[in-house]
Amino acid sequence: MKGPTMKWLVTVLIQLLFALFMYLMGSIFFGAALVPGLALFLKVWHATTTTPLFLRLFFIGTTLSLGYFIFGLMLILIVGLFRTVLQLRLKEGTHPLTSLEAMKWAFISSLFLMIHYTFIDFILLTPFANLLFRLLGAKLGKNVQFNSKYVFDATLLEIGDNTVIGGGAIINCHIIERNSLKLKKVKIGSNVLLGSHCTVMPGCEIGDHAIIAAGTIVPKNTVVQARTVYAGQEREIKKEA
């Protein structure tokens with residue numbers, strides 16, 4: 001078997017084993033997060049055995065709905081405390097895709113995706129979003145408002161006071177180039193507005209009171225000066241009074 005073919009097979013095998021491992025981890029985290037809701041459901045189920053059918057269905061339905069929200073909040077705490085206790089943090093730099101640092105990035109990202117795909121929509125613009133990103137390692141100031149679930153690599157993210165992350169905005173502290181994973185901090189100042197569906201790439205620094213226009217892409221390692229409106233490299237950056 002030729003070298004490139006063997007390398008490809010090893011890569012596929014590693015990806016398969018990692019996926020199976022994360023399925024197992026997800027089952028454990030989801031199972032633990034479901035325990036309080038299931039306990040409440042069983043209690044209501046037994047307590048309503050003599051209740052008229054309509055009322056029983058109402059109580060059971062309400063309990064199931066409440067159980068979902070309990071599950072989501074428990075998942076945030078379990079995942080966040082797991083990362084915090086193990087002190088899982090990403091290291092800035094360029095790492096081969098087969099390196100341990102890249103595997104750690106994939107693992108931490110998978111932990112976040114458990115919440116991203118199941119519950120995060122229900123906590124946007126609430127203090128629970130700030131709790132989540134703090135537990136995932138972000139350094140946040142006071143009164144940060146998250147209206148987007150596309151905030152990745154929290155251990156490399158710093159945000160100042162009173163900053164608003166607009167709906168659908170993307171913050172990435174990683175990029176894959178030339179078969180390597182590149183990790184670099186994103187620093188966002190205080191009183192910043194990230195407009196709807198803008199994209200902030202790794203290594204960006206955004207000054208206080210700056211505005212990133214809706215739909216704008218801020219390329220990697222870009223420095224946006226304080227009190228400016230950034231609308232893309234090919235459009236004027238205007239200084240506010």
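This passage describes a strand arrangement, a surface patch and the packing of one helix in a predicted model.

The model contains an open sheet of 5 strands, ordered 2-5-10-13-16 and paired in parallel. Its edges are formed by strand 2 (139–140) and strand 16 (223–224), each of which pairs on one side only. Strand 16 is joined by 2 bridges to strand 13 (residues 205–206), and these strands run parallel. Within this pairing, Ile206 lies opposite Val224 of strand 16. In general, the strands of a sheet pair through backbone hydrogen bonds, in either a parallel or an antiparallel manner.

A nonpolar patch on the surface is formed by Leu73, Leu77, Leu81, Val85, Leu86, Phe128 and Leu131, whose accessible area together is about 600 Å². Two or more residues of the patch come from each of helix 2 (53–86) and helix 4 (127–135). Helix 2 provides the largest share, with 5 residues. One of the patch residues, Leu81, is located in helix 2. Leu81 has a relative accessible area of 47% and is classed as partly exposed because this value lies between the limits of 20% for buried and 50% for exposed residues.

Helix 4 also has buried residues, namely Ala129, Asn130, Leu132, Phe133 and Leu135. The buried residues of this helix pack against helix 2 and helix 3 (100–116), as well as against strand 2, strand 3 (145–146) and strand 4 (150–151). Helix 2 and helix 4 thus both contribute to the nonpolar patch, while strand 2, an edge strand of the sheet, is among the elements against which the buried residues of helix 4 pack. After helix 4 comes Gly137, which has a positive phi near 110°.

Terms used: Residues are numbered from 1 along each chain as its sequence is written. This is a predicted model: local features need pLDDT of at least 70, side-chain atom pairs count only at pLDDT 80 or more; totals for chains, interfaces and linings use all residues. Side-chain values use heavy atoms; hydrogens and water are left out. Two strands pair if DSSP finds at least two bridges between them. Helices (H or I, at least four residues) and strands (E, at least two) are DSSP runs, numbered from the N terminus. Patches are made of residues with over 30% relative accessible area and no salt bridge: like charges are joined within 9 Å, nonpolar side chains (Val, Leu, Ile, Met, Phe, Trp, Tyr) within 5 Å. Accessible areas come from the Shrake-Rupley method with a 1.4 Å probe; for residues, only the protein chains shown count as cover. A salt bridge is a side-chain nitrogen of Lys or Arg within 4 Å of a carboxyl oxygen of Asp or Glu. Buried means under 20% relative accessible area, exposed over 50%, partly exposed in between (1.4 Å probe, protein chains only). Contact means heavy atoms within 4.5 Å.
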